[in-house]
Amino acid sequence: FSQESGYMASAGLQFDVLVVGGGISGLACAHKLFQCGYSVALVEARWKLGGRTSSIKISNGTSRGPPLRFNIGAAWIHCSNDNPLVPLIKKHNIPTKENSGQVGMLDHLYFPNAPELTSDERTAVEKIMQKLQIEFERIQLDLQERGKDRSVADVLEQIFRHEEALSDQFHGNGRISGTVRWLMSQLAQYEGSSLKNISALHSSLEFGRDEVVEERQGPDRIVLTYEELINSMASQLPANSFFLNDPVISIDYQNHPIVRTQSGRLLQARRVVVTAPLGVLKSNKIQFLPPLSARKQTAIQRIGYGIMNKIVLHFEDCFWDPDCHSFGIISEPVQFPYWLNQYRICGKPVLIGLYAGQFPLQIQEEGWSDERIRDTALTALANSFSIVLPGLVDWFITHWEKEEWILGSYSYSHFLSSTEDFDIVAEPVEGKIFFAGEHTNKEEHGYVHGAFS
């Protein structure tokens, strides 16, 4: 943006810049512009700031003391040595907890009513995964040379079809094949979608980081509540900078941009920065006048937008290893494959289960109640640990796909999209409308630091 002396007064405009969306991307943008001397307003559809960096409060199990607070969206700072969020977190004095020392992917992995993997089974799984990775990378190289892409599911099917020995190993033991499928589900978890949609060209079958890589990149850290960061950032902007609980429904940029909100408010500015989530852009909930180019609209529709939901369960007692980082549950079909131990974070017997991809869509299509989701998760835990579970103190379930002005969790590389699509979405329109957010960052999409930077 270039500041033009006297422009505001002569044109009678309300603001230099309007920011649409109050997640970390919108807040960071508004904060930077305000620091540079621009008049800025931020319009947020929901009743609070933060977007997908939200937290919830649940009972602490007693009548005394504050409730427990947990992130129900973003929760991590990845690769903390070079992550641009680290200086921001330190500046705002937000507490974090180091998440180093994570055990291998095959540790703390449970089967329903059955023992953990034997040493021989672990070795067999590792050999299958090594062979899959070699073949997967070979096909990736071929796709790259031909400028093509396919889904991860399609490539895996090809590998098993042509590698008979590998296929025999995979199908010869139900526990081994179940473990391999669980590992594959972690890729679906990571991207928030089905393997049938995820780009093979931009994926990897390598999971986790070894000690050498972690030492170089820095450990992951857990932000105890991202909402504290959001509130601290917001406090550094004038209170009258915010219009909350008032969704933007149209942006007319034929002359000076005019933003219309659902309440009928009209806001005019020299420039508009749109940081609304990709799901909002995909659903055309914001009307652009004139319409965005066909090229930009096509890019918006091609980029994948995944779903990652969480179930927070506070128990009366801790029935899992209180020192573990996480554990996995193997089931068919895959439903609640990955659980984060919060006891080591807050000292309370709390688990957070992550479920992504096809299962949230099934829940939505079949109209599952929250009670059914909860009971299914509890049954999976009881079967995996072969116990009668202790009582439940409190619980909470997210539904990011149902949040009207979010409609999902984060973007991913769909096999029908390309890295160029992220750049196209980020391109300004006529020097008046700008776009920001994790879905405009082709290198770090899907991450909080991708949205921030």
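Q: In what order do the strands of the open sheet of six strands run?
A: This is a predicted model, and its sheet of six strands is an open one. The pairing in it is mixed. Reading across, the order is β7-β16-β17-β18-β15-β19.

Q: Why is one side of β7 and of β19 left without a neighbour in the sheet?
A: β7 covers 109-110 and β19 covers 392-397. Each has a single partner strand, so one side of each has no neighbour in the sheet. The reason, then, is that both stand at the edges.

Q: Which residue in β19 stands opposite V312?
A: Start with the strands: β15, residues 308-315, pairs with β19 over five bridges. The sense of that pairing is antiparallel. Within β19, the residue opposite V312 is F396.

Q: What angle does the direction of helix α7 make with that of β18?
A: Helix α7 spans residues 174-191 and packs on the sheet. There it touches β7, β15, β16 (326-329), β17 (338-341) and β18 (350-356). Its direction and that of β18 make an angle of about 85 degrees.

Q: Which element gives the largest share of the lining of the second largest pocket?
A: This pocket has a volume of about 700 Å³, and 27 residues line it. The elements that each give two or more residues to the lining are α5 (152-162), α7, β18 and α13 (358-366). The largest share is six residues, and it comes from α7.

Q: How many residues of the lining of the second largest pocket are nonpolar?
A: Among the residues closest to the pocket's centre are R181, S185, L195 and V334. Over the whole lining, four residues are charged and eight are polar. The nonpolar ones number 15.

Q: In β8, which residue is the bridge partner of W76?
A: Now for the open sheet of three strands, in the order β5-β8-β6 with antiparallel pairing. Its edge strands, β5 (76-77) and β6 (96-98), each pair on one side only. β5 and β8 (residues 221-223) are joined over two bridges. The partner of W76 in β8 is I222.

Q: What distance separates the centres of domain 1 and domain 2?
A: Domain 1 is made of 15-51 + 225-304 + 417-452, while domain 2 is 109-207. Taking the centres over C-alpha atoms, the separation is 38 Å.

Note on methods. Residues numbered from 1 in each chain as written. Predicted model: local features only at pLDDT ≥ 70, side-chain atom pairs only at ≥ 80, totals over all residues. Heavy atoms only, no water. Domains from an automatic or database assignment. Pairing = 2+ DSSP bridges. Helix = DSSP H or I, 4+ residues; strand = E, 2+ residues; numbered from the N terminus. Contact = heavy atoms within 4.5 Å. Axes fitted to C-alpha atoms, helices over the stretch in contact; angles between N-to-C directions. 1 Å grid on protein atoms, 1.4 Å probe; cavity = no way out; pocket = protein on both sides within 12 Å on 5 of 7 lines; lining within 4 Å. Points joined across faces, edges and corners; volume = space filled by probe spheres on them. Nonpolar A, V, L, I, M, F, W, Y, C, P; charged D, E, K, R; others polar.
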